[in-house]
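I opened the notebook to look up a few local features before doing anything else. The entries below follow the order in which I checked them.

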Amino acid sequence: MTPRPATTSAVAGMTMVTAGSMTANAVSYLLALVAAAWLGPSGYGEFAALTASQLVLAVPALALQTVVAREVVLGRDAATLRRLETRCAVIVAVLAALLVAPIAAILGTGTGATVAALLTAPLLVLLAGEQGLLQGTGRFGRLSALLAAAGLGKVAPAVAVLALGGGPGAALTASAVGTGAVAAVARVLTGRGTDSDEPRAAVGVAAVLRASQVQLALVVLSSVDVLLARVVLGDEQAGQYALGAVATKVAFWLPAAVGVVLYPKMASPDHSGRAVRAALGVLVGIGAVTVAAAAAVAPLVPAVLGEDYAPVRGLLWAFALSGGCLAVLQGALLSAIARERTRLALVAWAGLAVEVALILTVVSTMQQLIAVAATTAALTAAAAGLLVLRGVAGPSRGFPDVTSGTPE
C-alpha cells in the first residue's frame, strides 16, 4: 500500500481540531456542572456513573476511528471502511442490550436511565467512522466542525431537559436523540470519501478489536475511579468525587487535538518516530500547565457550585494531574495502534489491575481515592512513554514537518 499523506499541516490542523474539540468539551463540562448543581450530589453520582459506563461501551467507536484513519493513510477505500463501520455499530448495539441489566445491578441505577445511557454507544460508532475518514485524509476543518456538532448535539438537549426538571434518565435519553441526529448528517459532511483502484486485503472487525482492547484499557483506567466511588464511598462523597473528576476529564481531553492531528503521521513509516516524540513532549507540557491552572481556580469551587462541593477544593490539582498523566498515556497508546504494536496495552491493563485492587482494599475516603488514581496514572504513563520512546529510537531526530500542506 502507498501511504497517503495528510493534506493539512500539523499546526493548522491542531488549531482547527482544538477549536472543534474545545467546543465539544466546553459544552460537556457545562453539562457536568449543570447536572451537579441541579441534580445534587446523589443524583449527579448516578448521572456520572452512567456517563462513565457509556464511555466504556463506546470504546469500539474510539478504536474504529483510529483504524479507519490508519487504513485511509495506507490507501484503503472509503466504501470498504464504511461497511466496517456498519458492522461495528450493529455489534455494539447488541452488546449494549445485553449489558443493561448487569450494569444497572452493579451501579444501582434505574433500568430506564441505564438503557438511555447505553443507547448512545452504537450511534457514536457510526459517528466515529466518519470522523476517521476525515482524520485520515487530513480534512481537519470538516473534522473540527463535526466534533463541535457532536458535542452540541449530545449536550444541548440534555441541558434543556434538566432545565425543565428532568432526572438523569430523561437527560441521557435527550442526549442519545441529539447524538443520533448528528450521526445522521455526518456522512453528508464527510462526503464520498476516498476510493482506490488497487486491490486491498479485507479489513475486518478483528482490526477494530485489537485497537479496542488498547482503547478499552485507557478508557476504563480513566473512568474506574468514578465508577468505584459509588462502591467505596457514600452517595454524597461519590457525587463530590464525580465533580472533582471533571478536572480529570478537562486535563485528559484538552490536548486531544495533539493525538488527532499527529496520528496520521504516526501511521506513516516516513514520519512515525518524529511524530511520536513530538506528541509526547507537547502532552507533558500541556499537562503541567493544566495542573497549575487547576490549583489556581480551586478556591472558586464552593463559590460557583456551593458549599456541598467544598471538600473538592484542595484536591482539584490532583484530579488535573491524573488527567494530564492519562493524556500522555493516550498519546503513547495511539502510537501503538498507528504502528500496529498493540501489545503496549499490557502496561495499561497492569496499571488498571493495580488501581482496582487498591481501591477495593485500602480506599475509604475521597482523598485516598484520588491519591490512588493519580499515582497509578502517573506510573503507567511513565512506563508506557519510556517503552514507546525506546521503540521509535533511531537515526531520525527532531519534530514532524509542520510547514507543508494547505489547511482546509
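Are Tyr241 and Phe319 buried or exposed? I looked this up and found that both residues are buried. I note here that I am working from a predicted model.

Entry, aromatic pairs. I searched for ring contacts and got two aromatic pairs. One of them is Tyr44 with Phe47, a stacked arrangement with 6.2 Å from centre to centre and 25° between the planes. I then checked where these rings sit: helix α1, residues 10-57, holds both Tyr44 and Phe47, and the two are three residues apart, about one turn of the helix. Tyr44 is buried and Phe47 is buried as well.

I went on to Tyr241 and Phe319, which make an edge-to-face pair at 4.9 Å centre to centre, with 65° between the planes. This pair links distant parts of the chain, since I find Tyr241 in helix α8 (residues 235-253) and Phe319 in helix α12 (residues 316-338), 78 residues apart.

Entry, helix α2. I took the end-to-end reach of α2, which runs over residues 59-73 and has 15 residues. From the first C-alpha to the last I get 22 Å, close to the 21 Å expected at 1.5 Å a residue. I also checked burial: 14 of the 15 residues of α2 are buried, so the helix is largely enclosed by the rest of the structure. Just after α2, I noted Gly75 with a positive phi of about 100°.

Entry, cysteines. I looked for disulfides and the count is zero. I then read off the accessibility of two cysteines. Cys88 has 4% relative accessibility and therefore counts as buried, the cut-off being under 20%. Cys325 has a relative accessible area of 14%, so I list Cys325 as buried too.

Entry, surface. Which residues make the nonpolar surface patch of about 290 Å²? I find Val90, Val94 and Leu98 there. I followed up Leu98, which is placed in helix α3, residues 78-107. Leu98 has 62% relative accessibility, and because exposed means over 50%, I enter Leu98 as exposed.

Closing note. For the record, I have the stacked pair Tyr44 and Phe47 within helix α1, and the edge-to-face pair Tyr241 and Phe319 between α8 and α12.

Conventions
Residues are numbered from 1 along each chain as its sequence is written. This is a predicted model: local features need pLDDT of at least 70, side-chain atom pairs count only at pLDDT 80 or more; totals for chains, interfaces and linings use all residues. Side-chain values use heavy atoms; hydrogens and water are left out. Rings of Phe, Tyr and Trp (its six-membered ring) pair if their centres lie within 6.5 Å; planes under 30 degrees apart count as stacked, over 60 as edge-to-face and the rest as tilted. Helices (H or I, at least four residues) and strands (E, at least two) are DSSP runs, numbered from the N terminus. Buried means under 20% relative accessible area, exposed over 50%, partly exposed in between (1.4 Å probe, protein chains only). The expected span of a helix is 1.5 Å times one less than its number of residues. A disulfide is a pair of cysteine sulfur atoms within 2.5 Å. Patches are made of residues with over 30% relative accessible area and no salt bridge: like charges are joined within 9 Å, nonpolar side chains (Val, Leu, Ile, Met, Phe, Trp, Tyr) within 5 Å. Accessible areas come from the Shrake-Rupley method with a 1.4 Å probe; for residues, only the protein chains shown count as cover. A salt bridge is a side-chain nitrogen of Lys or Arg within 4 Å of a carboxyl oxygen of Asp or Glu.
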